[in-house]
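Thanks for sharing this one. Here are my notes on the spaces in the protein and on the two ligands, set out point by point.

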Amino acid sequence: MSSFKEKIDISRLPKHIAIIMDGNGRWAKERGYDRIFGHQNGVVSVREVTEAAAETGIGYLTLYAFSTENWGRPMEEVNALMELLIDTIEKETPTLNKNNVRLLAIGDLSRLPANAAKKLQSCIGQTSSNTGLSLVLALSYSSRWEIKDAICKIGFEMAKGNIKPEDVTDELVAANLTTRDIPDPDLLIRTSGETRISNFLLWQIAYTELYFTPSHWPDFRKENFFEAICDFQKRDRRFGKTN
Ligand code: IPE
Ligand code: IPE
Ligand code: MG
C-alpha cells in the first residue's frame with residue numbers, strides 16, 4: 001500500500017503547520033455520546049499528529065486547542081476541557097521529552113484556572129531544552145485579543161516616547177504578538193468541513209496555504225496529516241510575485 005508519507009519531499013517540508021482541531025462534538029454526537037467523549041478521543045489525534053510531525057522533521061506545530069470564544073461554552077464542557085488539558089499534559093510530558101519535543105503556549109494564559117496554568121508552565125519548563133519539534137498550544141487564544149494586546153503594548157511605548165509612529169513596521173507588530181519567536185505557518189489545516197478561520201492567527205496566516213478536510217478531528221490520523229503535507233507540496237506559492 002503506497003502511503004502519503006513516502007510521497008513527502010523531505011527537502012521541501014513546511015517549517016510550521018498550524019491546525020484548527022474541529023469537530024469533536026459532532027464526532028461524538030454522531031456516535032450517540034456526549035461532546036466530552038469527542039474531546040477525549042481528540043487527544044488521541046493530538047498524540048498521533050505530534051508524533052507524525054516530530055518524525056517528519058517539522059519545526060513547529062501549532063494546535064488551536066481552546067479559543068477566547070470557547071469560554072462562552074457551558075461550564076461543564078469548559079471544565080471538562082480544562083481537566084483534559086491538565087491530565088494530558090501530565091501524562092504526555094515524558095513522551096514529549098523522549099521525542100525531543102519542546103512545549104510552548106500562546107494565548108491569554110492568565111485566564112486559565114490556576115492548576116491548569118501551573119501544569120502547563122511545569123511542562124514548558126521540563127521540555128524547554130528539547131531541540132526537535134516545537135509544539136505550540138493555542139489556549140484561551142484569539143487573534144483579535146492578540147492584535148489588540150500588541151497595539152496596546154506599542155501604544156504604551158509610543159506614549160513614553162520610546163518609539164515614533166514611523167518606527168511601526170511589520171517586524172515591530174510581529175514582535176509584539178504572542179508568536180514573536182515562531183515563524184509564520186506555511187500550512188494551516190482545519191478539520192470537520194468548516195471553511196473558516198475562527199479568530200486564529202489572522203496576522204500570521206497572510207501567506208499561509210489553507211487546507212480544509214471533512215474529517216472530524218478525532219478521525220484525523222498520521223496519514224491524513226501526511227496527505228495534507230503532500231497537497232501543500234503541490235502548490236505554487238508566489239507571495240504576490242510572478243514565478
Ligand atoms: C473542537 O471541537 C474542540 C474545541 C473547540 C475545544 P468542537 O468542540 O468545536 O466540536 P464541534 O465543532 O462542535 O463538532
Ligand atoms: C475553533 O473551533 C476553535 C478551536 C478549534 C479551539 P470552534 O468550533 O470554536 O469554532 P466555530 O464556532 O466553528 O467558528
Ligand atoms: Mg467546533
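The points below start with the pocket, move on to each ligand, and end with the cavity.

1. A word before you begin: this is a predicted model, so please read every distance and area below as computed from predicted coordinates.

2. The largest pocket is a good place to start. It holds about 1000 Å³ of space. Its lining is made of 46 residues, and those closest to the pocket's centre are Met-21, Asn-24, Tyr-64, Ala-65 and Phe-66. If you like to find your way by secondary structure, look for α2 (24-30), α3 (35-56), β2 (60-67), α4 (75-98) and β4 (134-141), the elements that give two or more residues to this lining.

3. What is the chemical make-up of that lining? Sorted by class, the residues around the largest pocket are 22 nonpolar, 13 polar and 11 charged. Both ligands belong to this part of the story: ligand 1 sits in the largest pocket, and ligand 2 sits in the largest pocket as well.

4. Let's take ligand 1. It is surrounded by 13 residues, with Asp-22, Gly-25, Arg-26, Arg-35 and Arg-73 the closest. By class, this shell has 3 nonpolar, 5 polar and 5 charged residues.

5. Which atoms of the protein come up to the oxygen atoms of ligand 1? Backbone and side chain both take part. A backbone N or O atom of Gly-25 is 2.9 Å from an oxygen atom of the ligand, and for a backbone N or O atom of Asn-24 the distance to a ligand 1 oxygen is 3.2 Å. From the side chain of Arg-35, an N or O atom lies 2.8 Å from an oxygen atom of ligand 1. On its own, ligand 1 has 380 Å² of accessible area, and the protein covers 88% of it.

6. Where does the shell around ligand 1 come from? Two or more residues are given by each of α2, α3 and α4. The largest share is that of α2, with 3 residues.

7. Now for ligand 2. Its surroundings are Ile-20, Met-21, Asp-22, Tyr-64, Ala-65, Phe-66, Ser-67, Asn-70, Arg-73, Arg-190, Arg-196 and Ser-198. The element that gives the most to this shell is β2, with 4 residues. By class, the shell around ligand 2 counts 5 nonpolar, 3 polar and 4 charged residues.

8. Three side chains are worth a look in your viewer for their polar atoms. That of Ser-198 has a polar atom 2.6 Å from an oxygen atom of ligand 2. For Arg-196, the distance from a polar side-chain atom to a ligand 2 oxygen is 2.8 Å, and for Arg-73 it is 3.3 Å. Ligand 2 taken alone exposes 390 Å², of which the protein buries 78%.

9. Arg-73 deserves a note of its own. It is listed among the residues closest to ligand 1, and it also belongs to the surroundings of ligand 2. Asp-22 likewise appears in both places, as one of the closest to ligand 1 and as part of the set around ligand 2.

10. Finally, the enclosed space. The count comes to 1 cavity of 30 Å³ or more, and the volume of the largest cavity is about 40 Å³. Among the residues lining it are His-16, Thr-62, Ile-106, Val-136 and Gln-204. How many charged residues does this lining have? There are none: the lining of the largest cavity has 6 nonpolar and 4 polar residues.

Methods
Residues are numbered from 1 along each chain as its sequence is written. Chains are lettered from A and ligands numbered from 1 in the order in which they are written. This is a predicted model: local features need pLDDT of at least 70, side-chain atom pairs count only at pLDDT 80 or more; totals for chains, interfaces and linings use all residues. Side-chain values use heavy atoms; hydrogens and water are left out. On a 1 Å grid over the protein atoms alone, a cavity is a set of points where a 1.4 Å probe fits but cannot get out, and a pocket is an open set with protein on both sides within 12 Å along at least five of seven lines; lining residues have an atom within 4 Å of a point. Grid points are joined across faces, edges and corners, and a volume is the space filled by probe spheres set on the points. Ala, Val, Leu, Ile, Met, Phe, Trp, Tyr, Cys and Pro count as nonpolar, Asp, Glu, Lys and Arg as charged, and the others, Gly among them, as polar. A residue is near a molecule or strand if one of its heavy atoms lies within 4 Å of it. A polar contact is a pair of N or O atoms within 3.5 Å; within protein, one must be able to donate a hydrogen and the other to accept it, and residues adjacent in sequence count only if both atoms are side-chain atoms. Accessible areas come from the Shrake-Rupley method with a 1.4 Å probe; for residues, only the protein chains shown count as cover. A molecule sits in a cavity or pocket if more than half of its atoms lie within 2 Å of its grid points.
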